[in-house]
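User: Can we go through this model together? I'll jump around a bit.

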There are 2 protein chains.
Amino acid sequence: MSATTQAKTEESTVDTQTLEHLDAWWRAANYLAVGQIYLKDNPLMREPLRIEHIKPRLLGHWGTSPGLNLIYTHLNHQIKTRDLNMIYLAGPGHGGPAVLANVWLEGSYSEHFPQVSRDEAGMRALFRRFSTPGGIPSHVSVPTPGSIHEGGELGYVLTHAFGAVFDNPDLIAAAVVGDGEAETGPLEGSWKGIRFLNPKRDGAVLPIFHLNGYKIASASVMARQSDETLTHYFKGHGYSPRFVEGDDPMQVHRDMHDTLSKALEDIREIQRQAREQGSQEMPEWPVIVMRTPKGWTGPDRVDGVPIAGSYHSHQVPLGGLRDNPEHLKLLEEWFKSYRPEELFDDQGRPRSDITDQAPEGERRMGSNPHANGGRLRQPLTLRDWSDYGVSVDDSNRGREMTSSTERLGQFMRDIYQDNPHSFRLFCPDETNSNKLGAVFEVSDRCMMSPVNEEDEDISPDGRVMEVLSEHNCHGWLEGYVLTGRHGLFASYEAFATIVDSMAMQHAKWLEHAREVSWREPIPSMNYLLTSTCWRNDHNGFSHQGPGFIDNLLNKQPEVVRIYMPPDANCLLSVADHCFRSTDYLNAIVIDKHPQLQYLSVEEAREHCAQGASTWHWACNERDDQEDPDIVMACAGDIATQETLAAVDLLRHYMPELSVRMVNVVDLMSLPPREAHSHGMSQQRFVELFTVGKPVLFAFHGYPGVVHQLLHGRSSSERFHVRGYQEEGTTTTPFDMVVLNRMSRIHLALDALRYAPGHLKNAVGIIDKLEGLLEQHHAWIREHFEDMPDITEWRWSKGENPLKDA
Amino acid sequence: MSATTQAKTEESTVDTQTLEHLDAWWRAANYLAVGQIYLKDNPLMREPLRIEHIKPRLLGHWGTSPGLNLIYTHLNHQIKTRDLNMIYLAGPGHGGPAVLANVWLEGSYSEHFPQVSRDEAGMRALFRRFSTPGGIPSHVSVPTPGSIHEGGELGYVLTHAFGAVFDNPDLIAAAVVGDGEAETGPLEGSWKGIRFLNPKRDGAVLPIFHLNGYKIASASVMARQSDETLTHYFKGHGYSPRFVEGDDPMQVHRDMHDTLSKALEDIREIQRQAREQGSQEMPEWPVIVMRTPKGWTGPDRVDGVPIAGSYHSHQVPLGGLRDNPEHLKLLEEWFKSYRPEELFDDQGRPRSDITDQAPEGERRMGSNPHANGGRLRQPLTLRDWSDYGVSVDDSNRGREMTSSTERLGQFMRDIYQDNPHSFRLFCPDETNSNKLGAVFEVSDRCMMSPVNEEDEDISPDGRVMEVLSEHNCHGWLEGYVLTGRHGLFASYEAFATIVDSMAMQHAKWLEHAREVSWREPIPSMNYLLTSTCWRNDHNGFSHQGPGFIDNLLNKQPEVVRIYMPPDANCLLSVADHCFRSTDYLNAIVIDKHPQLQYLSVEEAREHCAQGASTWHWACNERDDQEDPDIVMACAGDIATQETLAAVDLLRHYMPELSVRMVNVVDLMSLPPREAHSHGMSQQRFVELFTVGKPVLFAFHGYPGVVHQLLHGRSSSERFHVRGYQEEGTTTTPFDMVVLNRMSRIHLALDALRYAPGHLKNAVGIIDKLEGLLEQHHAWIREHFEDMPDITEWRWSKGENPLKDA
């Protein structure tokens, strides 16, 4: 026992009866956790335990459960005593039985699932549905009332907790961190959340670091550190650590009660100082370090093998019940050790000295509306996006350069302005780089650390969230939307893949939530993928990777949307749509650099609504034939630019070739409607792409994406896709499209190759185009000398597509 | 200045001349760094600087360079003084100019690139090639001599450093950690490397934490912490921190010299105690915290804006040279401030008091063979994999269950035994769970923390690397193979996506290395993806995600191999192949649970060599027609099992249907040979899949993968792919295949649907099969009650495929 704990024990003022009540709740929760793992019948142990009461297949995680139960028990007491607005995030989410036990005890479960009543029948139903086919998952998950944190992949509990309390001044997120997950990089990187948490306007995260010593099969790194080392660790992260340690329940109850009381008082004091006294100091937030045995209160040893206090208690500690009456006996003793007759009445209802401990109504953590954030969701106040648009008409179409993301930045500036408590941008130190800096006109970057005189746009009051950690950015936004607020995660395209698995897990959450009737729709996760592969010439090969969308594509189509706006007006239209949507992962891909602008506000609105359309102004279709010789399709800004330039080249050099130009802004318009609700009708598909003409498709990302999207469309072999082929280095923008064979020259050459019957007239132009490519390669060999004007193309309707050609 | 630093300064014994020499090297390196960013001519500033000397496009990162230069300078001195075997990992790898400057100064660069000599012409060539098209990337990267760490995505420098020194007792990896990357989760999670570093048999990592205060556009979190907080932070991570701080070069030189000397002495003392005195204590390894200004020695202010010491120095601090003669003047002053005439002789060669400071030969960090690990690579000693094989013949084919990964564990146990210094398994606490536990017969898990009496298979001497961090596992293995050793990263399939981006970056490294002639081939990165989506019934939806291979597929085909062995003998054959290979990312996908075994050792050898083949014993082809009615293809263990069971069903109920069964073990055999070197010939493709018959393809992962692989094969629409469709929960193995419509029943029904001309005879069987499905759903509704025998299928050649059907 640490000195701190000892001192506190002596001062404790909590009375014995309270401790006994707490212990009763804890025993009840432990009993229910074990019941879920083992029992299909005899839930109250009224009969001697027989093998037919046992489930045929034993699944679940016991090891972490008693600790999770202990914490829940004590938090309930504090909520009730102090009237707290609190949610519970179980980092060790494998302990599903624990959280389910508590929400059943407090009555939340039965309100969400009336068929699982708070009595013997309901208890049996809870046990039976746990971890059985057609039942509920063994982890804390979407159908667990009060949860915003799936207990699967590890490492994100603190990011979700911080996201939940940003702009929720009244809320406290109690976040249990397991010593297993504490080894992950994302978790270690997430302690720094307090550096971005402003006690004046944000709520509080109370981390409870549960060291039970073991992971699935081995000791955990952190559990083997001394209290002294852990004290350094947390002070180094800016926290004030407090220790609760032991294996004597009543002593631990007392210490936990006192430590928790003190921590919550400290949180209130921190908030008071910030809110009433205007303190801008970085506070030392409390963290509770709890060392209790893994599988505590379970069997000590089985067949000579240590269980409680060992990794052997990780999952189901007592097996082989069918063949081993001794084990069945041990299990019965284990159940009875909780004295169920003291905990539940004749009807199997928890006794009143237990239920009286639960907070009431929405104060119960299983019923807190923040944990079903859709209930609190308010639509964003959005101005008309066209106010930020670019003026485009035939006089300047494709001839003037504007940074599209800069316009989005202006749109977001006003979203910040109009939604001061419910919108945030999350970005790894790249807001300016991504040309979204207009937001700094109305909000700084948030930083609680000391601010220097020469700092720009940094202050504790800032609400733009910049931290060089994609994991934190993503996790914070998840927590923010799961509690009903709105935001955008802007990332360098290549580095969005750092959070591939986080996006996958959030997609799974949304997929699952669609099946849970009481989960209200939450705002979508919005991704802006910018600084894309085509224009990361400056940063080179490591920054060229458009694979994040490949990862999204595999998720259930109901939850995924991918947009590739070609210009500013389309970007704004798409962003407006995404900000209004719910329950999706919306990925928007567009570069940040100044780029040509093609569509007016009205045209963009129409184009984005359609998802894909023919750009008639860009076509060179012949009136005398119904279908063009070739369809030049494209998706993505650079792909669009190169396609238009190729059309220009072809119009100039081979005007008799009939060319249609189709732009795709919503990738999900490509699959058949059976495959995705955004899929265009077959009629529309034929209108755009004809029945059988060749289609040359220039694509922003890996070409396989388009093939995958077209699966199920007839004769998809006529689609020839060009895209990023994993070629790159530090080079010029134009060399990037050449390296990946998607340059205007390559596209024009390919069009001639695929358009039937034109090759023999095309010899001259082919020579010319190949000469241009050779010129480019020669220029590259010379490093920057005598750069030809080839890259300075503007839309010219074929009049003069290449100055020197 | 901290108290620590002050104390050390007073005691310093380093003489002034040494400090002046160090400063000269540093100035030379800074000069060369600035030169690379700006100059295409006049490299020695012999003429007044004119605009035509300036590159047309200014790219590069200045801000971090002076710090990287300072560290390199001082490490060189230490290497020379102490005859150290050291490599340099630049976490802030954007500072490519810095590392390039130093390796040019020490002569390594010219030895790797003879056309870039160590004289004026070479200096000009170095400047010109830096960050220009056709030149070299602006980051530390593959063509940077001495590098094993790409300067792109941030966060992995310590994992690479630890991986490099495992089993390299003599090696010291100096790892510069930037204060930007220090914010990432993976970096924060990687300090714990010392908990797994045994000074007796491993080398040392010397982290140098460079706090220059700013990231690209904002203050860094860590730089704003006090020395006191940072001291806690590092003590909490188990280190002994030492501070070097200031902006007076000579003072910083002195402090850096003294601090580095002390740190290196401490490292040697730690190693001596472990090696000579057998100490098993966890040592406090040194870490150096260096606070110096960002962009130090660059212009102080430009147009009133602060540059040195601010984020404004991040990239190119002086722009607009063409339009602003004042800026050009400032740039010239900046160059001259380094007094180049003192540093380089008439021929532009570094003067001897500079070159004399460089270590010699392979002691130079740019020439250290560990940083070109292929030079040190020794093939693994591998026993005959068939010794671990399963005995299979017609008597037990498809009828007996064995865990395949258990056999791989036995194979690896002996690899550990036979290669005690050059093979390691990296796994997030799941070695036993993944059934690879046989390795513990010969090696423990490594842990330097105190070991408890009841711990199993844990000791400081262990060489099995378990840490609950996919990032550490992956990064350590990268460092290990980049320095020429061998290993395997075993992961739960779903959680491999946590390191999607690390795999992507390593793939890019290998892609690039193929083009750099002096990079010798390194051992492959081997992945075992197990605990797969089909059998994570226990853990539920969050653990069901086969998307890691989707991510690999997009990489250049030269570096990617994906294998789906259906049984133990195929797994062993494939693993043996992977362990012998170089320069690939090899992903092997197979479940850990006991599974049916199909092929004998000889059959498996042949099958894996082919990549895909017809399993004649499983076919029910009719002699009277050349082609079968349908080809039932499969890849992956569960897909194979379900396909065989479906063939069995069809054989029993509709023996007249001619069915071929094809198994694919090497996914890369599917694409055309033009697309991948493993691609089978068109003739072979037709032999297996016919010219035009329907193919029903049961696939382990997302179906899109197969479509993507088949792209370029003719008439690919006749391939109907079933696979993981993102459906799952905590349920039974059989329910998983039902949910995803890949069950034997679905496959049999689909076969009847696609095989032309058989439907009208099939009404009876269809009714039967649909009845079975209905029975399954009813059973699921009842939770485990009355479980039918349907899942206990064994290969039966159609005699009795379903007991109750």
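User: Start with Leu772(A). Buried or exposed?

Analyst: Bear in mind that this is a predicted model. Leu772(A) counts as buried, because its relative accessibility is 6%, under the 20% cut-off.

User: Where is Leu772(A) placed?

Analyst: In helix H25 of chain A, residues 763-781. Leu772(A) and Ile745(A) are 7.8 Å apart, C-alpha to C-alpha, with their places 27 residues apart in sequence.

User: Switching to the interface. How many residues does each of chain A and chain B put into the contact?

Analyst: Chain A gives 114 residues and chain B gives 113 residues.

User: And what is the area buried between them?

Analyst: About 9500 Å² between chain B and chain A. Carbon and sulfur atoms give 54% of that area.

User: How many salt bridges cross the interface of chain B and chain A?

Analyst: The rule finds eight salt bridges there. Glu454(A) and Arg301(B) meet through their side chains in a salt bridge, at 2.5 Å from N to O. As for polar contacts, 48 residue pairs across the interface of chain B and chain A qualify, both partners being at pLDDT 80 or more.

User: Which helices of chain B supply at least two residues of the side that touches chain A?

Analyst: Helices H8 (185-188), H9 (227-236), H16 (500-513), H17 (548-553) and H22 (704-710) of chain B each do. H16(B) has the largest share of that side, with six residues.

User: What about the classes of residue on that side of chain B?

Analyst: The side of chain B that touches chain A has 50 polar, 33 nonpolar and 30 charged residues.

User: Now Asp666(A). Where is Asp666(A) found?

Analyst: In chain A, in the loop between strand E20 (659-664) and helix H21 (682-689).

User: Which side chain of opposite charge is nearest to Asp666(A)?

Analyst: Arg561(A), at 6.3 Å. Asp666(A) is buried yet has no salt bridge. The cut-off for a salt bridge is 4 Å, so Arg561(A) at 6.3 Å does not make one with Asp666(A).

User: What does the side chain of Asp666(A) make a polar contact with?

Analyst: The side chain of His678(A), at 2.7 Å. Beyond the neighbours within four places in sequence, Asp666(A) is in contact with Ile562(A), Tyr563(A), Gly611(A) and His678(A).

User: Over to chain B. Is Asn198(B) buried or exposed?

Analyst: Buried, because its relative accessibility is 3%. Asn198(B) lies in the loop between H8 and strand E3 (204-211) of chain B.

User: What does the side chain of Asn198(B) reach at 2.8 Å?

Analyst: The backbone nitrogen of Lys200(B). The side chain of Asn198(B) also makes a polar contact with the side chain of Asp461(B), at 3.3 Å.

User: And which residues is Asn198(B) in contact with, leaving aside neighbours within four places in sequence?

Analyst: Met448(B), Pro460(B) and Asp461(B). Separately, Asn198(B) and Met282(B) are 84 residues apart in sequence, with their C-alpha atoms 8.5 Å apart in space.

User: Back to salt bridges. How many does the rule count over all chains?

Analyst: The count comes to 94 over all chains. One of the bridges joins the side chains of Glu342(A) and Arg27(A), at 3.5 Å from N to O. That pair links distant parts of the chain, 315 residues apart. Glu342(A) is in helix H12 (residues 340-343) and Arg27(A) is in helix H2 (residues 16-38) of chain A.

User: Buried or exposed, that Arg27(A)?

Analyst: Arg27(A) is buried, because its relative accessible area is 9%. Glu342(A) is partly exposed, at 39%.

User: What does Asp41(B) form a salt bridge with?

Analyst: Arg124(B), the closest N and O atoms being 2.9 Å apart. This pair also links distant parts of the chain, 83 residues apart. Asp41(B) is in the loop between helix H2 (16-38) and helix H3 (65-82), and Arg124(B) is in helix H6 (residues 120-129) of chain B. Asp41(B) counts as partly exposed at 27% relative accessibility, and Arg124(B) as partly exposed at 26%.

User: Last one. Which residues are linked with Asp167(A) in a network of salt bridges?

Analyst: Arg201(A), Asp202(A), Arg424(A) and Arg463(A).

Conventions:
Residues numbered from 1 in each chain as written. Chains lettered and ligands numbered in written order. Predicted model: local features only at pLDDT ≥ 70, side-chain atom pairs only at ≥ 80, totals over all residues. Heavy atoms only, no water. Contact = heavy atoms within 4.5 Å. Buried area = accessible area lost by both parts, 1.4 Å probe. Polar contact = N/O pair within 3.5 Å; in protein donor to acceptor, adjacent residues only side chain to side chain. Helix = DSSP H or I, 4+ residues; strand = E, 2+ residues; numbered from the N terminus. Nonpolar A, V, L, I, M, F, W, Y, C, P; charged D, E, K, R; others polar. Buried < 20%, exposed > 50% of the residue type's maximum accessible area, 1.4 Å probe, protein only. Lys, Arg positive; Asp, Glu negative; His and termini not counted.
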